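Let's take a walk through this one together, starting from a single residue and working outwards. Have the viewer open and follow along.

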Amino acid sequence: MRFLISFLCVLVLVSYAVAYDPLDPNGNITIKWDVMSWTPDGYVATVTVNNFQMFRHIMNPGWTLGWTWAKKEVIWSMVGAQTTEQGDCSKFKGNIPHCCKKIPTVVDLLPGVPYNQQFSNCCKGGVVAAWGQDPSQSISAFQVSVGQGGTSNKTVKLPKNFTLLAPGPGYTCGPAKVVPSTVFLTTDKRRKTQALMTWNVTCTYSQFLARKNPSCCVSLSSFYNETITPCPSCACGCQNKKNCVKSDSKILSMVGAHTPKKDNEPLMQCTHHMCPIRVHWHVKTNYKDYWRVKIAVTNFNYRMNYTLWSLAIQHPNLNNVTQVFSFNYKPLLPYESINDTGMFYGMKYFNDLLMEAGPKGNIQSEVLLQKNNKFTFKQGWAFPHKVYFNGDECMLPPPDTYPFLPNSSPATIVTFKALIFSLLLLLAVW
């Protein structure tokens, strides 16, 4: 019995731990249901998906939301989204519901749908920006008319077992909880209205649940050492090694080779690390009061373009960033007293799209930093502590493989050689 209790306690702790991100401790996706009006057999609700994650966005093909109805509810109609299946509505005559499934699956509409099917903050194909990158685009919403449900605050039964794919697995959603009703401000800002009822669902991300291997790796180099530290071998797993192609393969010229598959199966360039993304950190120049770093991101997947990409980096000198030349930069302050984390992302219409593997499948920028009182090139201090690409942590090389600072200058080496030569000469004379 004690063993069982201990096991359950450990399981709960691990569940919370894997969903906790130290660089974004408060990050989550909150799904809010606002009941705007009652109908003869149910209600009309506005459902809003808020991405409160600082550097993890929802990329193409977008979010997929699911839940289980508590009773025998149906969806009469939707605006700004649609269910993927209608289900069995054969018992209805006259008006046929939009969906009769006990467990509906909802997706966003694509851009360019007719105006009468649109809703505010809808129709982006499920793509939602990260809160830290663009708060105005970190929202997605739709309207749903629910039938055969409760018609008052006391009779409504909240949906349960919420699921979220964004676009793949990794998110765990808690139960729906009734919260104070949302307050709305009219366009003239002179009157406040409020929802008849509101409940929230909070979903948190775990890279451990999303995939068993990392999706990116980091390589390192510096001006003071000729050694280039590559990504670790099979850093992202070598399960795609059998199907990878070389950069000069004839397969790449075939029609449809670069077309994304429904199961998102990658077409990887053959590398020793087998990662779709490699982030390279190069310590480029040392000045009296400043130092310069070059960051390059390379795509090795021939079937994936990364839109709205982001790069989160933890380094103790990011509290003194002077200039970022080709990326946008925003400090991240997960803990207000510590400023050692920042987010890099693309400039709109310039490099906010990382192209598929090939000659154009890379982006880069230089960063100028003012030296702080802890600055040193010793013991790998100049290299990042953590690197995230699109919200997933990248694998760093082992610390003992970092490019090291030579212990002796050339002048010291010459002096040492001269000393040995003098000793040999004295021994010969003796």
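Leaving aside its neighbours within four places in sequence, which residues is Y43 in contact with? Click on Y43 in this predicted model and you'll find W33, V35, S37, W38, W69, V144, S145, V146, G150, V156 and W199 around Y43. Several of those names come back when you look at the rings. Ring pairs link Y43 with W33, W38, W67, W69, F162 and W199 into a cluster.

Now widen the view to the nonpolar core. The largest one has 35 residues, and Y43 is among the members that touch the most others, along with W33, L65, F142, V144 and L164. Plenty of strands chip in: β1 (29–39), β2, β3 (64–68), β4 (74–79), β7 (139–147), β8 (160–165), β9 (171–173) and β13 (197–205) each supply at least two residues. The biggest giver is β13, with 5 residues. As background, nonpolar side chains tend to be buried together in soluble globular proteins.

Stay in β2 for a moment and look at T46, which sits in this strand (residues 42–51). Is T46 buried or exposed? T46 counts as buried because its relative accessibility is 14%, under the 20% cut-off. Beyond its neighbours within four places in sequence, T46 contacts K32, W33, D34, M36, F119 and F142.

Next, hop over to the loop between β7 and β8, where T155 has its place. T155 is 113 residues from G42 in sequence, yet their C-alpha atoms are 9.7 Å apart in space. Setting aside residues up to four places away, T155 touches K71 and G150. With a relative accessible area of 36%, T155 is partly exposed. Q148 lies in that loop between β7 and β8 too. Q148 isn't a glycine, but its phi is positive, at about 60°. Q148 is also partly exposed, with a relative accessible area of 29%.

A couple of prolines deserve a click as well. The peptide bond from N60 to P61 is cis, with omega near 15°, and P61 is in the loop between β2 and β3. The bond from A166 to P167 is cis too, with omega near -10°; look for P167 in the loop between β8 and β9.

Now for the other core. A second, separate one has 34 residues, including W281, W291, L311 and L354. Let W291 lead you into the strands here: its bridge partner in β24 is L369. Strand β17 (residues 290–299) pairs with β24 in the antiparallel sense over 9 bridges. Strand β20 (residues 321–324) also runs antiparallel to β24, joined by 3 bridges. On that side, V321 stands opposite L369.

Follow the chain past β24 and you come to Q379, in the loop between β24 and β25. This is another non-glycine residue with a positive phi, about 55°. Q379 is exposed, with a relative accessible area of 85%.

The structure holds 25 aromatic pairs, so let's pick one to look at closely. How are the rings of F383 and Y402 arranged? Their centres are 5.5 Å apart and their planes sit at 70°, so the pair is edge-to-face. F383 lies in the loop between β24 (362–370) and β25 (386–389), and Y402 in the loop between β26 (392–393) and α3 (410–429), so the pair ties together parts that are 19 residues apart in sequence. Both F383 and Y402 are buried.

Zoom out now. The protein chain has 3 helices and 26 strands, and 44% of its 430 residues count as buried. Among contacts between residues at least 6 apart in sequence, 71% join residues at least 24 apart. The accessible surface comes to about 23,700 Å², with 58% of that belonging to carbon and sulfur atoms.

How far should you trust all this? The chain averages a pLDDT of 88, and 90% of the residues score at least 70. Two stretches call for care. Over residues 3–17, pLDDT stays under 50, and the model has 0 contacts there beyond four places in sequence. Over residues 408–419, pLDDT also stays under 50, with 1 such contact. Where pLDDT is low, the predicted coordinates should not be read in detail.

Key. Residues are numbered from 1 along each chain as its sequence is written. This is a predicted model: local features need pLDDT of at least 70, side-chain atom pairs count only at pLDDT 80 or more; totals for chains, interfaces and linings use all residues. Side-chain values use heavy atoms; hydrogens and water are left out. Rings of Phe, Tyr and Trp (its six-membered ring) pair if their centres lie within 6.5 Å; planes under 30 degrees apart count as stacked, over 60 as edge-to-face and the rest as tilted. Helices (H or I, at least four residues) and strands (E, at least two) are DSSP runs, numbered from the N terminus. Buried means under 20% relative accessible area, exposed over 50%, partly exposed in between (1.4 Å probe, protein chains only). pLDDT is the predictor's confidence in each residue, from 0 to 100. Contact means heavy atoms within 4.5 Å. A nonpolar core is a set of buried Ala, Val, Leu, Ile, Met, Phe, Trp, Tyr and Cys residues joined through side-chain atoms within 4.5 Å. Two strands pair if DSSP finds at least two bridges between them. Accessible areas come from the Shrake-Rupley method with a 1.4 Å probe; for residues, only the protein chains shown count as cover.
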